[in-house]
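Biologist: I would like to learn how to read the packing and backbone features of a model, taking them one at a time. Could you take me through them?

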Amino acid sequence: MTTRIDRLTQQRLEKLERLRGRGIDAYPRRYHRTHTTQQAIDLLTQIEAGQFPEEEREEASKVSVAGRIMARRLMGKSAFVDIRDGSGKIQLLFQSIDKFDEDQQLLFKDLDTGDIIGAEGNLLRTKTGEPTVWVGDFALLAKSLQPLPEKWHGLVDIDLRYRQRYLDLISNPETKQLFETRSRIIAAIRQFLNGRGFIEVETPVLQPEAGGALARPFITHHHALDRDLYLRIALELHLKRLIIGGFDKVYELGRAFRNEGIDATHNPEFTMLESYEAYADYNDVMRMVEEMVFAVAQQVLGTDQVKFGENTISLRPPWQRLNLREAVIKYAGIDYDQFTDRDALAARMLALKMEVDPKKDRGRLIDDLLSTFVEPNLVQPTFLVDYPIEMSPLAKTRPDNDRVVERFEGFAGGLELANAFTELNDPLEQRRRFFQQQRERGAEGEEEEKIDEDFLLAMEYGMPPTGGLGVGIDRLVMLLTGQPSIREVVLFPQLKEKA
């Protein structure tokens, strides 16, 4: 059965054939545009403000603009057409279409919403105050063969917005503005770190071992080397190699990949900031994080107050510091220090009617308590500090307690934003912890994580005291733009296959 969309597409194909039959190139190689739509509007404002002498105004008002047709309104023999480019929207006035030559009249009849056109003419402002180009000449730059979604459909159909992001960007200017804001956030982070003497670097995405975090990796095969490689799950181990090699401050903004679930805060590929600073500890990193987020918000948003859900969140330092153990006691009602082995803690959680995954060790059960009971209550910016050693095999223990490591996680709006350590730099202790973690995972029936022997060798050459940081950029963008889902801030999120 032929659908309405099929009929509209067929009509556009017929128009394309007519255009070609008249010798019109529907997809020309270039177009000379003198102004973006926003530049044209700014120029009109300058002319109206008297910034040009009277005798120069008409010539100064001549512009050539280009963009996608978003709307057409016929008014007798004339027509108004709205076009949009990367900077905004402007109205075109086709005054008395029958006064154009025959070729242009036929071309105008074959234009559709969604087509990209160029137009030359003089700027004016209509009686309703609308900036407008009075068109003297125009050209087709790209014929659209698919009709744009109806406005209400484009705004409501979330699945369509994610699967065909280009339609979302065409139909919803606020989506484009969101991703422009994301770009400015990332640029501001770079500016902040560069200003502190950090050097941006790039490390391998394909790695012989997937290390630096506890996560299931994606595996691929390199045919020339005839070996399996892993898409990195973290940036950490190569950045630490650079600290060992003599870079005192390094960072990387890059993609990481984890072969795990998809939900409102997780996407299989995501953007991470990781930074490492020699001769610093987790207190130094804590201060840097709160100062960085505050500075980025001020620079990009012009405020340190952000609206997230029903809450207004202040990003102004200092952020609250809260001991992890005390937070779990407060919100979950369990003191995990009283349950020093995995089975005892699991039994206590079961007694409280909680679900317990039999494959998870003590550290990951504590992480479940954190994510289930504590995180949702951390609305205002908060650092949870001092974690059990089982949760952090890459962190240095506290001098007063060898069962607790110097680690913090940063939260706001119930989102985990940052994770940081005073990095373990004892190569023998690091080896011991890696092997202990490997044994525990094997005992739980999970695939044992391969140990990065080259990283351990590098550590044996000596790594200075170091403060390390990881920030989830997608979640930070969610917070700063008030978006409830990671899919809103990732241009092309992973989705289930469409039935």
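**Helices, strands and unusual backbone angles**

Modeller: Let us begin with a pair of helices: α8 passes α16 in a right-handed crossing, and since this is a predicted model, everything that follows should be read as a description of that prediction.

Biologist: At what angle do helix α8 and helix α16 pack, and how far apart are their axes?

Modeller: Helix α8, residues 173-195, and helix α16, residues 473-481, pack at an angle of about 120°, and their axes are 10 Å apart. Angles from 65 to 115 degrees count as roughly perpendicular and those over 145 as roughly antiparallel, and α8 and α16 are therefore oblique to each other.

Biologist: Which residues of α8 and α16 meet?

Modeller: On the α8 side they are Leu178, Thr181, Arg182, Ile185, Ile186 and Ile189, and these meet Ile473, Asp474, Leu476, Val477, Leu480 and Thr481 in α16. Sorted by class, the contact of α8 with α16 has eight nonpolar, two polar and two charged residues.

Biologist: How would the same reading go for helix α9 and helix α15, and at what angle do they pack?

Modeller: Helix α9, residues 236-245, packs with helix α15, residues 453-460, at an angle of about 25°, with their axes 10 Å apart. Angles under 35 degrees count as roughly parallel, and α9 and α15 are therefore roughly parallel to each other, while their crossing is left-handed. From α9 the contact is made by Leu237, Lys240, Arg241 and Ile244, and from α15 by Asp454, Phe455, Ala458 and Met459; by class, the contact of α9 with α15 has five nonpolar, no polar and three charged residues.

Biologist: How many residues of α9 are buried, and what covers them?

Modeller: Residues count as buried when their relative accessible area is under 20%. Eight of the ten residues of α9 are buried, so α9 is largely enclosed by the rest of the structure. The buried residues are Glu236, Leu237, His238, Leu239, Lys240, Arg241, Ile243 and Ile244, and what covers them includes β7, β10 (249-257), β11 (269-278), β18 (415-422), α15 and β19 (466-472). Just after α9, Gly246 takes a positive phi of about 120°.

Biologist: Turning to strands, which way do β2 and β3 run, parallel or antiparallel, and which way do β3 and β5 run?

Modeller: Strand β2, residues 78-84, is joined to β3 by six bridges, and the two run antiparallel; Ile83 stands opposite Ile90 in β3. Their hairpin has four residues between the strands, and in it Gly88 takes a positive phi near 155°. On the other hand, β3 is joined to strand β5, residues 131-142, by three bridges, and these two run parallel, with Leu93 opposite Trp134 in β5. Strand β3 itself, residues 89-94, is mostly covered, five of its six residues being buried.

Biologist: In the sheet of β7, β8 and β9, which strands stand at the edges?

Modeller: The three strands form an open sheet in the order β7-β9-β8, with antiparallel pairing. The edges are held by β7 (206-207) and β8 (219-222), each with a single partner strand, so one side of each is left without a neighbour in the sheet. Two bridges join β7 to strand β9, residues 227-231, and the bridge partner of Leu206 in β9 is Leu231.

Biologist: What is the general expectation for phi and for peptide bonds?

Modeller: Most residues other than glycine have a negative phi, and most peptide bonds are trans.

Biologist: Where does Asp226 lie, and is it buried or exposed?

Modeller: Asp226 lies in the loop between β8 and β9, and although it is not a glycine, it has a positive phi of about 50°. With a relative accessible area of 59%, Asp226 is exposed. Asp386, which lies in strand β15, residues 382-388, also has a positive phi, near 70°, but at 11% relative accessibility Asp386 counts as buried.

Biologist: Which peptide bond is cis, and where does Pro318 lie?

Modeller: The peptide bond from Pro317 to Pro318 is cis, with omega near -5°, and Pro318 lies in the loop between β13 (311-314) and β14 (320-323).

Note on methods:
Residues are numbered from 1 along each chain as its sequence is written. This is a predicted model: local features need pLDDT of at least 70, side-chain atom pairs count only at pLDDT 80 or more; totals for chains, interfaces and linings use all residues. Side-chain values use heavy atoms; hydrogens and water are left out. Buried means under 20% relative accessible area, exposed over 50%, partly exposed in between (1.4 Å probe, protein chains only). Two strands pair if DSSP finds at least two bridges between them. Axes are lines fitted to C-alpha atoms, for helices over the stretch in contact, and angles run from 0 to 180 degrees between N-to-C directions. A crossing is left-handed if the near helix is turned anticlockwise from the far one by less than a right angle, and right-handed if clockwise. Contact means heavy atoms within 4.5 Å. Ala, Val, Leu, Ile, Met, Phe, Trp, Tyr, Cys and Pro count as nonpolar, Asp, Glu, Lys and Arg as charged, and the others, Gly among them, as polar.
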